[in-house]
Amino acid sequence: MQTIEKYNFAGKKAFVRVDFNVPLDENFNITDDTRIRAALPTLKKILADGGSPIIGSHLGRPKGATDKFSLKHILGHVSKLLGVDVQFANDCMGEEAAGKSATLKPGEALLLENLRFYAEEEGKPRLAEDASEEEKAAAKKAIKESQKEFTKKLASYADCYVNDAFGTAHRAHASTALIADYFDADNKMFGYLMEKEVNAVEKVMDDINRPFTAIMGGSKVSSKIEIIENLLGKVDNLIIAGGMTYTFTKAQGGKIGNSIVENDKLDLAIELMKKAKDNNVEIVLAVDTKIADSFSNDAKTDFCKVNEIPDGWEGLDIGPETEEIFADVIKNSKTILWNGPTGVFEFENFTHGTKAVGEAVVEATKNGAFSLVGGGDSVAAVNKFGLADGVSYVSTGGGALLEAIEGKTLPGIAAIKGN
Ligand code: AMP
C-alpha cells in the first residue's frame, strides 16, 4: 500500500479530501479549528515536497449552494495556518476549478468550494417532500449516473488522491471513497491523520495486546448493541457504565427507582450477559451508584447499592466502590477502548465517576497500555478533565469510529486499502 511518508509529491497535484467541517459563529468566525489543524501535517508535507494540494471538504449539511455553508469563510484561516496564500474555486465543478487546478504551481494550494453543494457528493437526490415513489426511484437512478461524472471530474484535477477525512470514512461518498477508483494503487493513500486513526482502530480490533478492556458508557443500550456484540468476540473485560447500567440491573431483578431504563431491552441485556459468559468475557457492572432525587445538578444526592435504588430516586453516576472495581480492571489492562461517560458528566456533581475512569485509563497508559478514546461524549469528557494528553489516542471521528468498532468495513478505508 502506498503511504504519504514514502510518496514524493514533487510536481504532482494531489486531491486531498479533508474534514474542514468546523463550527462557525453567526459572523462566520471559526469557533474551533481542531479539524483544520488536524489536516495540516498532510497538507504541509505535500507543499514541502513541491506538490500542489487541491483541497476538498464539506461544511455543514447544505441542500444546495448557499453562502452560509461556503468554504470561502475559512479560506483566510486555512491560508494562515498553512503559511501559503491558498487559492479558492467558487465552485468545485466548472471551468474555474479545472482551470485553477491545471495552472497550480508546485508549492501552491487550492481550496474547492463545498463539495456538498452538489447532491452528487453524497449520491442522494434532493427531492421535494411530496415527490412520488416513481419520481424518487427515477431521481435515485439519475443521481448515480451524474455522481459518476462528478467523481470523474474531481479526479481529473489531480495526479494522486489523499484521504485525510476520517470523520467521513464511514460514508461511500464521491470524494471520500468513489474517487479512489480513478487512481492506481501507487497514487492513492491515507493522509497522516487518517493513518493514525486507522492504526489506532487496528490496535483495538485486530492487533490486540491482552488483557483488553472496553469501557462502554453513555445513555442507552439500544445505541450500542452492535458495538457490544462485536466487542464480545474480542475483549477480555467489558465494563458497562452510564445509563445502560440500569437496564442490566433491572433485567437481573434489581430495584432501579426512576433511573433511565429501556424496558424493551431487558431480554437483550440477559442475552448479552449469557453471550459474554459463553465467550469468557468478564462483564463488569456497577455495584453502587450516586443517586439523585431529580435529574438536576442541584438535586439532593446519596449513595446506594445499584440494585436498591429507592423509589423517586435515580442513578446519575457510579459510586465509590464501583470506581475502585473499574479502576482495578482498567489498570490491569494492556489495551483499552473507552466510549461513553459513566454518568451525567454534564452536571458538575456527577462527574466523579467519569473522571475516575479517565484517570485510571491515563495510569494504565503510563504503564504501557494502549488506550483509544472515541465517539462523541467520551472525547468531550477527556477534554473536560484535561486527560487527552495522557491517553494513547483520542479519535477525531465520532460516527466513523463507532462503525469501525461495530466491526463494519468503512468505505473510505476500503477504497484505499482495496478490501
Ligand atoms: P451516548 O451519546 O450514548 O454516549 O450518551 C452520553 C450521554 O449519556 C451523556 O449525555 C450522559 O449525560 C448520559 N448519561 C450517562 N449516564 C446517565 C445516567 N445514569 N442517566 C441518564 N443519562 C446518563
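The paragraphs below lead through this structure, from its domains to its strands, helices and salt bridges. The model is a predicted one, and residues are numbered from 1 along the chain.

A good place to begin is the division of the chain, for which the domain assignment gives domain 1, covering residues 13-196, and domain 2, covering residues 208-405. The centres of these two domains, taken over C-alpha atoms, are separated by 37 Å, and the contact between them takes six residues from domain 1 and eight residues from domain 2. About 620 Å² of area is buried between domain 1 and domain 2, and carbon and sulfur atoms give 67% of it. On the side of domain 1, Phe 166, His 170 and Lys 196 supply 69% of the area that this domain buries against domain 2, which is more than any other three residues supply. Across this interface the rule finds zero salt bridges.

Within the range of domain 1, strand S1 (residues 13-17) makes a useful starting point, and five of its five residues are buried. Their side chains can be sorted by direction, since Lys 13, Phe 15 and Arg 17 point one way from S1 while Ala 14 and Val 16 point the other way, and all of them are buried. Strand S1 is joined by five bridges to strand S2 (residues 52-56), and these two strands run parallel; within this pairing, Arg 17 has Gly 56 of S2 as its bridge partner. Together with helix H1 (residues 34-49), strands S1 and S2 make a right-handed β-α-β unit. Strand S1 also pairs in the parallel sense with strand S5 (residues 160-163), over four bridges, and here the bridge partner of Phe 15 is Tyr 161.

Further along the chain, Asn 187 is found in the loop between S5 and strand S6 (188-190). Is Asn 187 buried or exposed? Its relative accessible area is 17%, and because buried means under 20%, Asn 187 counts as buried. When its neighbours within four places in sequence are left aside, Asn 187 is in contact with Tyr 7, Asp 159, Cys 160 and Tyr 161, and Tyr 161 is the residue of S5 already met as the bridge partner of Phe 15.

Turning to later strands, the reader can trace an open sheet of six strands in the order S10-S8-S7-S15-S16-S17, with parallel pairing. Its edge strands are S10 (282-285) and S17 (393-394), each of which pairs on one side only. Inside this order, strand S7 (residues 212-216) and strand S8 (residues 237-240) pair in the parallel sense over four bridges, with Ile 239 of S8 as the bridge partner of Ile 215. An antiparallel arrangement appears where four bridges join strand S11 (residues 288-292) to strand S14, and in that pairing Ile 291 has Gly 315 of S14 as its bridge partner. Strand S14 (residues 314-318) has five of its five residues buried, so this strand is largely enclosed by the rest of the structure.

Helix H8 (residues 244-251) is mostly covered as well, with six of its eight residues buried, namely Met 244, Thr 245, Tyr 246, Thr 247, Phe 248 and Thr 249. Just after H8, Gly 253 takes a positive phi of about 95 degrees.

The last topic is charge. Side chains of opposite charge can pair when their charged atoms come close. The structure holds 17 salt bridges, and one of them joins the side chains of Asp 33 and Arg 37, at 3.1 Å from N to O. Asp 33 is buried at 16% relative accessibility, whereas Arg 37, at 45%, is partly exposed. Another salt bridge joins Glu 145 and Lys 148, at 3.2 Å, and both residues lie in helix H5, three residues apart, which is about one turn of the helix. Glu 145 is partly exposed at 48% relative accessibility, and Lys 148 is partly exposed at 46%. Helix H5 (residues 133-156) also holds Ser 146, whose C-alpha atom is separated by 6.6 Å from that of Glu 120, although the two residues are 26 residues apart along the chain. A further salt bridge, at 2.8 Å, joins Lys 408 and Glu 406, and salt bridges that share partners join Glu 226, Glu 406 and Lys 408 into one network.

Notes:
This is a predicted model: local features need pLDDT of at least 70, side-chain atom pairs count only at pLDDT 80 or more; totals for chains, interfaces and linings use all residues. Side-chain values use heavy atoms; hydrogens and water are left out. Buried means under 20% relative accessible area, exposed over 50%, partly exposed in between (1.4 Å probe, protein chains only). Two strands pair if DSSP finds at least two bridges between them. A crossover is right-handed if, with the strands pointing away from the viewer, the path from the first strand over the helix to the second runs clockwise. Domain bounds come from an automatic or database domain assignment. Contact means heavy atoms within 4.5 Å. Buried area is the accessible area (1.4 Å probe) that two parts lose on being put together, summed over both. A salt bridge is a side-chain nitrogen of Lys or Arg within 4 Å of a carboxyl oxygen of Asp or Glu.
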